[in-house]
Every structure is written in C-alpha cells, then in structure tokens.
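Q: Hello! Could you take a close look at one part of this model with me, and show how it fits in with the rest of the chain? A connected account would suit me better than a list.

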Amino acid sequence: MKKTNITFLLVTFFALNLLFFYNSNTEASYKNGIPILLYHHVSDEKTALPELTVSSEEFDYQMKKLKDSGFSTITTEELLNYMSNKQVRLPEKPIVITFDDGYEDNYTYAFPILKKYNFKATIFMVGVNIDANKRLSTQQMKEMVNYGIEFGSHSITHSSLPALNKTELIKEIKNSKKQIEQVIKKEVSLFSYPYGDYNLNVLESTEFNYKGAVTVLPGPVKSNYDNVFLMRRIPIFNDTDIEKLFDLINKNQAKESLLDYSPTINKKLVKE
C-alpha cells in the first residue's frame with residue numbers, strides 16, 4: 001500500500017474517532033439533557049409579579065451554587081449545535097440561563113452577579129419593552145451584549161400568538177427579530193413563545209425566522225428527544241425548592257420525571 005494511502009487512512013481513522021468521542025461524550029455526560037433556567041425578575045424592589053421575582057441575595061446564592069457545583073454557561077450556538085447533533089465541545093456541566101420580557105432589573109441586579117461568576121445568559125426581549133419604563137434601554141442592551149449576554153425575541157407586544165391572524169403573527173415573530181437586531185447589531189437566533197402558547201401556525205412561522213425556540217415546558221432539554229423549536233426550560237419561582245432542583249440537575253439521571261423539575265409549574269406564568 002502506498003504511503004499516501006496509509007496516511008489518508010490514519011487521518012480518517014483519527015477523525016472518525018474524534019467525532020465519536022464528541023458524540024459519545026455528549027450522550028454520556030448529559031443523560032438527562034441540558035438545563036435551561038428561566039428567570040423573569042431579579043430585584044430587591046417591589047414588583048407586580050412577586051411570584052416571579054427572585055431577590056439579588058437569592059440569585060447570587062443560586063449562581064454561586066451553580067459555580068461551586070462545576071456548571072458552566074454555554075452560548076446559543078453551542079446549544080443549537082448540541083440540539084442538532086453537530087460536533088461541539090461542551091463543558092462537563094453545561095447550563096443555559098435565560099430571562100423573559102427584558103426588565104431593567106436584569107441589568108441592575110442580575111447582570112453584576114452574572115459577571116461576578118463569569119456566567120453568560122440570554123434575555124428574550126419584548127419589542128415594545130425596549131426603552132420603556134422599568135425595561136431595558138438600548139444602551140443597557142448594548143453594554144450587556146459587549147460582555148457576552150445574548151438576546152432572543154419574545155415577540156413585539158407579548159400577545160398570545162395562536163389567537164392572531166397570519167398578518168399579525170408574522171409581525172409579532174418576524175419584526176421583533178429585526179427590531180432587536182437593529183439594536184444589538186447581532187443575529188437573533190432564538191425565540192421564546194409568549195405565555196408558552198403555540199400552535200402549528202406559530203411553529204411554522206417561528207421555524208421560518210429562527211434557528212430554535214424555547215417554551216415553559218419543564219425539564220432539561222435533550223438532543224434526539226426534544227424538538228429544537230420546543231426546547232424545555234426550568235422556571236424559577238420565588239418559592240422554588242432550589243436544593244431539590246439542584247439535586248435533580250446534579251444527579252443527571254435519564255429517568256427523572258420532567259414534572260419534578262418544576263413543582264410549582266401549575267402557577268400561570270403571567271407577564272406584565
């Protein structure tokens with residue numbers, strides 16, 4: 001056999017083994033999927049949604065617990081590559097931190113704590129909330145993006161999308177993406193369904209404009225199991241049993257009940 005053929009076979013062999021390592025490592029390390037945490041308010045002030053408000057002290061405690069447990073936040077691109085079974089190098093304990101609606105306290109209280117623990121996050125912004133009272137300003141959004149915070153879309157007006165006609169639906173889904181991209185000067189790849197509501201028309205429109213979408217269905221998200229446009233998240237309420245939740249995340253067992261990840265899921269995630 002010629003030397004060039006032997007070299008080609010060796011390179012191919014090692015390439016295939018490297019690919020197998022990535023895939024098998026992913027399956028072995030994340031048996032129960034990757035946790036995507038869902039927050040709304042992080043504030044020490046009174047909010048209209050106290051059940052969806054976590055104090056800065058509690059948020060700091062939760063982020064420290066994640067850090068001390070060895071969790072590392074991953075990017076939207078890494079999450080999408082994992083969900084698409086593409087070759088991707090992930091940390092031993094990956095996690096995604098998300099916020100819905102775009103409240104100003106995400107910048108005032110949550111952002112400094114995220115930076116303290118070298119964590120990144122994704123904020124799903126409602127279009128009409130940009131520069132609105134007690135919502136994120138364009139300047140705050142740009143500062144957060146420069147650090148590494150990512151932004152996704154949460155529609156223009158936070159309407160229940162299945163109730164809209166085709167024209168209204170396109171406006172809510174497509175225009176919100178454009179609006180946010182104009183502010184942050186980066187691509188918006190993910191969408192968050194307002195109230196967690198969706199139907200076939202909503203899914204089709206979302207798939208046409210984005211690379212993935214998140215819901216309020218509880219539990220970690222797993223490739224080869226979850227649809228990339230119906231990715232699960234773990235809602236964090238002010239009375240969430242964090243110790244139990246972290247125990248579930250750390251155990252990383254494939255047969256846990258998805259409902260165990262949100263014991264207060266019966267609460268309606270009503271937005272302002």
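A: With pleasure. One cut-off comes up throughout: a residue is called exposed when its relative accessible area is over 50%, and buried when that area is under 20%. Please keep in mind that this is a predicted model.

Let me set the scene before turning to the part I have chosen, helix α2. The protein chain holds eight helices and 10 strands. It has 272 residues, and 51% of them count as buried. Its accessible surface is about 13300 Å², with carbon and sulfur atoms supplying 52% of that area. Among the contacts with a separation of 6 or more, 68% join residues that are 24 or more positions apart.

Now to α2 itself, which covers residues 56–68. Its partners include helix α4, residues 105–116, and helix α8, residues 242–251.

Let us take α4 first. The axes of α2 and α4 lie 10 Å apart, and the two helices pack at an angle of about 25°. Because of that angle, α2 counts as roughly parallel to α4. Their crossing is right-handed. On the α2 side, the residues that meet α4 are Ser56, Phe59, Asp60 and Met63, and they face Tyr109, Ala110, Ile113, Leu114 and Lys116. Sorted by class, this contact has six nonpolar residues, one polar and two charged.

Ser56 deserves a stop of its own. Ser56 belongs to helix α2 and has a relative accessibility of 17%, so it counts as buried. Tyr109 is 53 residues away from Ser56 in sequence, yet their C-alpha atoms are 6.0 Å apart in space. Setting aside residues up to four places away in sequence, Ser56 touches Tyr109 and Ile113, and also Val42, Ser43 and Asp44.

From here we can step across to α4 and look at Asn106, which is found in that helix. The relative accessibility of Asn106 is 1%, so Asn106 is counted as buried. Beyond its neighbours within four places in sequence, Asn106 is in contact with His40, Val42, Phe99, Phe111, Ile123 and Met144. Val42 is therefore a link worth following in the viewer, as it appears among the contacts of Ser56 and again among those of Asn106.

Next comes α8. The axes of α2 and α8 are 12 Å apart, and the packing angle is about 20°. That angle makes α2 roughly parallel to α8 as well. Here too the crossing is right-handed. Glu58, Tyr61, Gln62, Lys65 and Leu66 of α2 make the contact with Ile242, Glu243 and Phe246 of α8. By class, the residues of this contact divide into four nonpolar, one polar and three charged.

Leu66 is the residue I would pick out on this side. Leu66 lies in helix α2 and is buried, with a relative accessible area of 0%. Its contacts, leaving aside neighbours within four places in sequence, are with Leu37, Phe71, Ile95, Ile97, Phe119 and Phe246. Tyr117 is 51 residues from Leu66 in sequence, with 9.2 Å between their C-alpha atoms.

For contrast in geometry, have a look at another helix pair, α5 (residues 138–147) and α6 (residues 166–184). Their axes are 9 Å apart and they pack at about 70°. That angle makes α5 roughly perpendicular to α6. Thr138, Met141, Lys142 and Val145 of α5 form the contact with Ile180, Val183 and Ile184 of α6. This contact comprises five nonpolar residues, one polar and one charged.

Finally, a contrast in accessibility takes us into the loops. Lys134 sits in the loop between β6 (122–125) and α5. Its relative accessible area is 55%, which means that Lys134 is exposed. Most residues other than glycine have a negative phi. Lys134 has a positive phi, near 60°. Asn224 has a positive phi too, near 65°, and its place is in the loop between β9 (212–214) and β10 (234–235). With a relative accessible area of 62%, Asn224 is exposed.

To return to α2: its Ser56 is buried at 17% relative accessibility, its Leu66 is buried at 0%, and the helix runs roughly parallel to α4 and to α8.

Definitions and conventions: Residues numbered from 1 in each chain as written. Predicted model: local features only at pLDDT ≥ 70, side-chain atom pairs only at ≥ 80, totals over all residues. Heavy atoms only, no water. Helix = DSSP H or I, 4+ residues; strand = E, 2+ residues; numbered from the N terminus. Buried < 20%, exposed > 50% of the residue type's maximum accessible area, 1.4 Å probe, protein only. Contact = heavy atoms within 4.5 Å. Areas by Shrake-Rupley, 256 points an atom, 1.4 Å probe, with all protein chains shown as cover. Axes fitted to C-alpha atoms, helices over the stretch in contact; angles between N-to-C directions. Parallel < 35°, antiparallel > 145°, perpendicular 65-115°, else oblique. Left-handed = near helix turned anticlockwise from the far one by under 90°. Nonpolar A, V, L, I, M, F, W, Y, C, P; charged D, E, K, R; others polar.
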